[in-house]
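Biologist: I'm happier with a pipette than with a viewer, so could you walk me through reading a few features here?
Modeller: Sure, let's take them one at a time.

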Amino acid sequence: MNSKLLTYLRTIGLAADADDEAALEFLAGLEGDQLEVAQAITSVALEAGEGGGDPPAKDPPAADPAAAAAGDATPAKTPAEQAKELLDEQGAAYQELHEIALIAGKDLAWVEAHLGNDIKAVRKELAEEERAKRGGIQTAGGQDVRGGTDRNLSTIGPAISDAIAMKVNTPLFEMDAVTGLAIRDDEGKPKRRQPHERADKFRVMRVGDMGRVWLRSMDYPGADDLTREGALKIALDERNLQAAGGAIALSIHSTGSLTYALADSARKALMAGYELAPVNSQLWTREKMVPDFKAFNLISISDVPALEERLEGGEYRYTRISDAREQVQAVEYEAGIAITRHALLSDDLGAFGDVPRKMGATARQKDDDVVYAVPTANAALSDSVALFHAASHGNLAGTGAAITVATLSAGWAAMLLQTGPKGNHLNIEPKYLIVPVAQRFVAEMYVSPVQAAQASNVNPLTGRLTVISNSRLDAASSISWYLAADQNQFDTIVRVYVEGERAPVLKQKIDFETEDLRYAIRYTVAAKAIDYRPLYKNGGA
C-alpha cells in the first residue's frame, strides 16, 4: 500500500501496527469525505509514479440542497485539493517527528507510531522518558532529584562542536594540549581523530535544534516547546542563562556551554586551515618562545675556546664565551568575524567552516611572510652591517650569477671558510638551496641525480642540497638565490612566538544589541637572523 495513504489511514484511526490486509479492510469501510480524500491521495501518488492499493469506488454522496442554496462565496475544496493540503501537513509533521526521533535516538517505527499525535505531547513524553532513564525522583515541589552524574551534561558540548565541524567538512586532528598544535605522524602529517561518539546524533540537526537539546539537557523549563529561534536566543544569551540559575548558570563559562561548543567548532576549522596551509619556512628555520612582547635578546654562541695543551700541574685557563645578541620583538596580528543570528537560524554554517579555515591559513602564512622578509630586506645586524655583506661578512657573492655547479661551489666554499670571533674554523656546510619560484627547476637540475656516462659529467652536488622555493622571494627578486645551513646545528633565522600562544588564539563574545556571535582571532609571530655565517646570498643573473 502507498506509504502516504497508509499514513493518512493511521491518522483517522488505523492501528499503528496494522498490516496491509488490515489496512485494506479499514479502507473498505470508509465513507464520505474520508473516502474521497483517500481516493485523491491515491490519484496524486499514481501521478507521481508511486504505487499503492486503490480505495474501493463508491457512489459519491448526494449534494446537499441547503448548502447549494446558501450560495457560499468561498467554493468548497475539491478532494484533490484537500488531499494535497493534507499531504503537505503530514510531510511537515513527519519531518518534525523525524528530527525529534534523531535527537531522542528513536527508529522509523517510532516515527510512524506517533504520526498524528500532538507534537507538544510527544516532546513531553520523551522528556519524562529521559527523566526516568536518569533515575530521577520527582518531589512534591516538582523538582528532580537525580542519583549519579548525568552523562549528557559532560559530553553534549564536545559532541555539538564535532557535529558542526563535520557538517562543514572540517578535518578533526589530535591536538597537543601544551602547544595547541596538531600532533603529527612519522610523515609529518597531522594525525586525524574520530569524531565524538555522539556527534552523528547532532550532525543531522540545525543549530537551533542543537540549542533546544542543550537547554533540555540543562533542564531549562519548557525547552521542548521553544522554537529554534527561541532556543538560540536563550542558549546564547548569558543574561537569560544567569537568570535561570542552577546548572544552566554554572555552565555559562564552561566547556559544556553552547557558546563554547560553537566557538570550539570555529576553532577546529581555524586550526585545520593553520595546520594544512602550504608554507615552508619551518623547513629551514627553527622556532623559539619568548615570554612577552618586550624586546628579547637572541644569543648566538658562534665560538668557543680552542682546546690547548695543559702541562703537568698546569691550571685550566678560562675565557668568556663569544656570543652575539640580536634583538627581536613579537608582533601581534588580528582579524575578526561575525556570525549573524539570521545565519545561525538558516543553518548557514560557512562562518564555522570556510571563513575560520581561511583565516587559519592566513595566520600560518604569516610565518612565511616574516621569515622571507629577513633575507630580502637584508637589514643590519647588531654589528651595524647588513646581513649579507661581501667585505664584512663574507656571505655575499661579489658578482651576481646564475645557479651553476661553479657558483654553488663558490657559495659552499664561502660558508666553509667562515670563522668564529676567536678565529675557530666553523666548517659550516649548506643544507638548503633557497630560491624564488622562477629558479626552482633550474635549482633542482643541479641537485638531482644524473646517470653520467663520463666522469666529467658527474654532478658533485647530487643529493647534498634540499631545494626550497617561495613566491615571496620573487616579489623582491626573481633571480637572487640563497644557501642556508642546518638550523639544528647553526643559528640561522629564528621564528619567535609568545609563550602560551604558539597557535592562533580565538576569542568569542556575543553582541547583545544585534545578537551576533563575534570571534576575534589573533596570531603572534616575528622572525630574526641571529648569525650571518650560516647564510649566503648570490644576487643571480
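**Helices, a cavity and some backbone angles**

Modeller: Let's start with a pair of helices: α14 and α16 are oblique to each other. Keep in mind that this is a predicted model.

Biologist: How do you describe two packed helices?

Modeller: The general idea is that you give the angle between their axes and the distance between the axes. Here, α14 (residues 258–276) packs with α16 at about 40°, and the axes are 6 Å apart. Angles under 35 degrees would count as roughly parallel and 65 to 115 as roughly perpendicular, so this pair is called oblique.

Biologist: And is the crossing of α14 and α16 left-handed or right-handed?

Modeller: Right-handed.

Biologist: What about α10 and α11, at what angle do they pack?

Modeller: Helix α10 packs with α11 (residues 228–235) at about 60°, their axes being 8 Å apart. That makes α10 oblique to α11 as well. The crossing of α10 and α11, though, is left-handed.

Biologist: How many residues of α10 are buried?

Modeller: Buried here means under 20% relative accessible area. In α10, which spans residues 207–217, 11 of the 11 residues meet that, so the helix is mostly covered. Among them are charged-looking names you might not expect on such a list, so check for yourself: D209, R212 and R216 are there, along with W214 and L215.

Biologist: What happens just after α10?

Modeller: There D219 takes a positive phi, about 60°.

Biologist: Which other residues have a positive phi?

Modeller: Two asparagines are worth a look. N169 has a phi near 60° and sits in the loop between α8 (151–167) and α9 (199–203). N427 has a phi near 50°, and its loop runs between α17 (405–416) and β7 (430–435).

Biologist: Are N169 and N427 buried or exposed?

Modeller: Exposed means over 50% relative accessible area. N169 is exposed at 63%, and N427 counts as exposed at 53%.

Biologist: Now the inside: how many cavities of 30 Å³ or more does a search find?

Modeller: Two, across the whole structure. The largest holds about 60 Å³ of space.

Biologist: What lines the largest cavity?

Modeller: The lining includes W284, Y372, P375, F388 and I434. Each of α16 (354–377), β9 (481–485) and β13 (535–538) supplies at least two of the lining residues.

Biologist: And how does that lining split by class?

Modeller: It has 11 nonpolar residues, no polar ones and no charged ones.

Key
Residues numbered from 1 in each chain as written. Predicted model: local features only at pLDDT ≥ 70, side-chain atom pairs only at ≥ 80, totals over all residues. Heavy atoms only, no water. Buried < 20%, exposed > 50% of the residue type's maximum accessible area, 1.4 Å probe, protein only. Helix = DSSP H or I, 4+ residues; strand = E, 2+ residues; numbered from the N terminus. 1 Å grid on protein atoms, 1.4 Å probe; cavity = no way out; pocket = protein on both sides within 12 Å on 5 of 7 lines; lining within 4 Å. Points joined across faces, edges and corners; volume = space filled by probe spheres on them. Nonpolar A, V, L, I, M, F, W, Y, C, P; charged D, E, K, R; others polar. Axes fitted to C-alpha atoms, helices over the stretch in contact; angles between N-to-C directions. Parallel < 35°, antiparallel > 145°, perpendicular 65-115°, else oblique. Left-handed = near helix turned anticlockwise from the far one by under 90°.
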